[in-house]
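Biologist: Hi, I am new to this one and would like a walk through it. Could you take me through the model step by step?

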Amino acid sequence: MIDSLQSALSRHASLCALIAGMSVGGLTLNAQAATQMDFSNEYNASSIHAEGDAWFIKRVEELTDGEVDITLHTGASLGFRSGDHFYAVADNAVQIADSLSGTLGGIDPIFLLSSLPFLADDVESARRLYEIARPEYKKVFNDNDQVLLYASPWPASGIWSKEPVTDMQALQDLKIRTYDRNGTEILRNAGAAPVKLSWADVVPQLATGGIEAVLTSAESGANSSFWEHLSDFSAIQYAIPLNMVHMNRDAFESLDESQQEAIRQAAKETDEHNWEVVKQRVAQNYETLESHDVTIHDPISDTFRAELEKAATPVVDNWLDNIGERGQKILDEFNQTQASE
C-alpha cells in the first residue's frame with residue numbers, strides 16, 4: 001500500500017516536473033525562436049536618423065510580438081560606415097543599415113540625386129523628388145540582393161565655419177568637409193578646398209585643424225557639439241540629402257509571411273514619421289545653436305545664392321551625363337510637379 005502510494009506520488013512529481021520543464025523549455029524555445037538582426041548606423045544615438053531607426057525597430061517589435069529582435073548599433077560601432085554599408089548588407093555581414101545616399105554614388109549615380117545642389121531646398125519638394133525616384137532606388141537595391149525599407153531625410157545642408165561664410169570670397173581656399181562627389185565638385189568650382197570625409201572622421205579633423213569648415217546640416221553640427229570648434233552656421237539651403245535604410249534580401253525572405261508584412265508596415269510608417277519629424281528639427285536645432293552662441297546666417301543674400309547656383313550648374317550637368325535618360329526623366333517629372341505648385 002505504502003509502496004503503491006509512494007509510486008503514485010513519484011509519478012505525480014515526475015509529471016509535474018515534466019510539465020514545468022515543458023513550460024520553461026517552451027519559453028526558452030520561444031526566446032530562441034526570435035529572429036535576431038543587427039542594424040548599423042554611423043551617426044550617434046541622438047541623431048535624427050538613429051532616432052528614426054529606433055522608432056522603426058519599436059514598431060517591428062510591436063507588430064511581430066517580439067518575434068523579430070533588431071539591435072541598433074550607432075556611432076559606427078560595428079566598424080561599418082555609410083560607404084561600407086552597401087556591400088556589408090549585400091553580403092549579410094549586417095542585416096540592415098542606414099546609409100548616407102551620396103556615399104553610394106560610386107555604385108550608381110542615382111544615389112547622388114538627393115544631394116544635387118539647389119534642386120530641392122525644402123522638405124516638401126525633397127519628398128516629391130524621393131517619391132518620383134523611389135522605383136529607381138528600389139531597383140538598384142533589388143539588383144544587389146537588398147530591400148529598400150525607407151528614407152531618412154536630413155534637414156537642409158549649410159556651412160559650419162570658424163568665420164562667417166556669407167559671400168564667395170569667404171569660400172576661397174576654405175578647407176571644408178563634403179559628404180559626396182556633388183559637394184566636392186561644387187565647392188571646388190566655388191574656389192574652396194573641399195575634403196570628402198565620412199562622418200566619423202569629421203570631429204577628429206576639426207580638432208586637429210585638418211578642416212576649417214563643414215558642409216552639413218544644423219542637425220549634424222548640434223549632435224556633434226560643433227560649437228566647440230566652429231562659431232557660425234550659414235543656411236545656404238544646399239540640398240536635403242537622404243539616408244537610405246536597406247535590408248539584406250535573404251534575411252528578409254527568411255522571415256515568415258506575417259513577419260515580412262510587419263517589416264513592410266513598420267517601414268511605411270517610419271517613412272511617414274521621418275518626413276514629419278524633419279520639418280520640426282530646424283527650429284529645435286536653431287534654438288540649440290543659439291544657446292551655445294553660434295551665429296546663424298539665415299537667409300543668405302540673393303547674390304551669394306545666385307553665385308553658388310552658378311557654381312552648381314556643371315555638377316547637375318555632369319550627373320545627367322553619367323546617369324542618362326532615367327535621370328532626365330526624373331528631373332522632368334520633378335520640375336513639372338514644382339511648376340504646378
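Biologist: Let's start with the empty spaces inside, then. How much space lies in the second largest cavity?

Modeller: Keeping in mind that this is a predicted model, the second largest cavity holds about 50 Å³ of space.

Biologist: And which residues line the second largest cavity?

Modeller: Its lining is made up of Ser114, Leu116, Leu119, Ala120, Ala126, Leu129, Tyr130, Ile240 and Leu242. Sorted by class, that lining has eight nonpolar residues and one polar residue, with no charged residues, and helix H4 gives the most to it, with three residues.

Biologist: OK, what about the largest cavity, what volume does it have?

Modeller: The largest cavity has a volume of about 70 Å³. Lining it are Tyr43, Leu100, Trp154, Ser157, Arg177, Tyr179, Trp199, Thr216, Ser217, Ser220 and Pro241, and these residues divide into six nonpolar, four polar and one charged.

Biologist: How many cavities of 30 Å³ or more are there?

Modeller: The count comes to four cavities of 30 Å³ or more.

Biologist: Back to H4 for a moment. Where does helix H4 pack, and what does H4 touch?

Modeller: That is easier to follow once the sheet is laid out, so to speak, from edge to edge: five strands form an open sheet in the order S2-S1-S3-S10-S4, with mixed pairing. Strand S2 (68-73) and strand S4 (146-153) stand at the edges with a single partner strand each, so one side of each is left without a neighbour in the sheet. The twist in this sheet averages 20° from one strand to the next. Within it, strand S1 (residues 35-41) and strand S3 (residues 96-100) run parallel and are joined by three bridges, and Asn41 stands opposite Asp98 in S3. Helix H4 (residues 123-143) packs on this sheet, where it touches S4 and S10, and its direction makes about 145° with that of S4.

Biologist: Does anything else lie there, I mean, which strands does helix H2 lie across?

Modeller: Helix H2 (residues 48-63) lies across S1, S2, S3, S4 and strand S10 (242-248), and H2 runs at about 170° to S2.

Biologist: I noticed a proline, Pro135, in helix H4. Is Pro135 buried or exposed?

Modeller: Pro135, which lies in helix H4, is exposed, with a relative accessible area of 53%. The cut-off for calling a residue exposed is over 50%. Pro135 and Leu148 are 13 residues apart in sequence, and their C-alpha atoms are 9.8 Å apart in space.

Biologist: Switching topic, what is the order of the strands in the six-stranded sheet?

Modeller: Those six strands form an open sheet in the order S7-S6-S8-S5-S9-S11, and the pairing is mixed. Its edge strands are strand S7 (193-196) and strand S11 (295-297), each of which pairs on one side only. Neighbouring strands of this sheet are turned by 25° against each other on average, with direction ignored.

Biologist: In what sense do S5 and S9 pair?

Modeller: Strand S5 (residues 157-161) and strand S9 (residues 232-234) pair in the antiparallel sense over three bridges, and Ile159 stands opposite Ser234 in S9.

Biologist: Which strands do helices H6 and H10 lie across?

Modeller: Helix H6 (residues 181-189) lies across strand S6 (175-178), S7 and strand S8 (213-217), running at about 170° to S7. Helix H10 (residues 257-291) lies across S5, S9 and S11, and H10 runs at about 140° to S11.

Methods:
Residues are numbered from 1 along each chain as its sequence is written. This is a predicted model: local features need pLDDT of at least 70, side-chain atom pairs count only at pLDDT 80 or more; totals for chains, interfaces and linings use all residues. Side-chain values use heavy atoms; hydrogens and water are left out. Two strands pair if DSSP finds at least two bridges between them. Helices (H or I, at least four residues) and strands (E, at least two) are DSSP runs, numbered from the N terminus. Axes are lines fitted to C-alpha atoms, for helices over the stretch in contact, and angles run from 0 to 180 degrees between N-to-C directions. Contact means heavy atoms within 4.5 Å. On a 1 Å grid over the protein atoms alone, a cavity is a set of points where a 1.4 Å probe fits but cannot get out, and a pocket is an open set with protein on both sides within 12 Å along at least five of seven lines; lining residues have an atom within 4 Å of a point. Grid points are joined across faces, edges and corners, and a volume is the space filled by probe spheres set on the points. Ala, Val, Leu, Ile, Met, Phe, Trp, Tyr, Cys and Pro count as nonpolar, Asp, Glu, Lys and Arg as charged, and the others, Gly among them, as polar. Buried means under 20% relative accessible area, exposed over 50%, partly exposed in between (1.4 Å probe, protein chains only).
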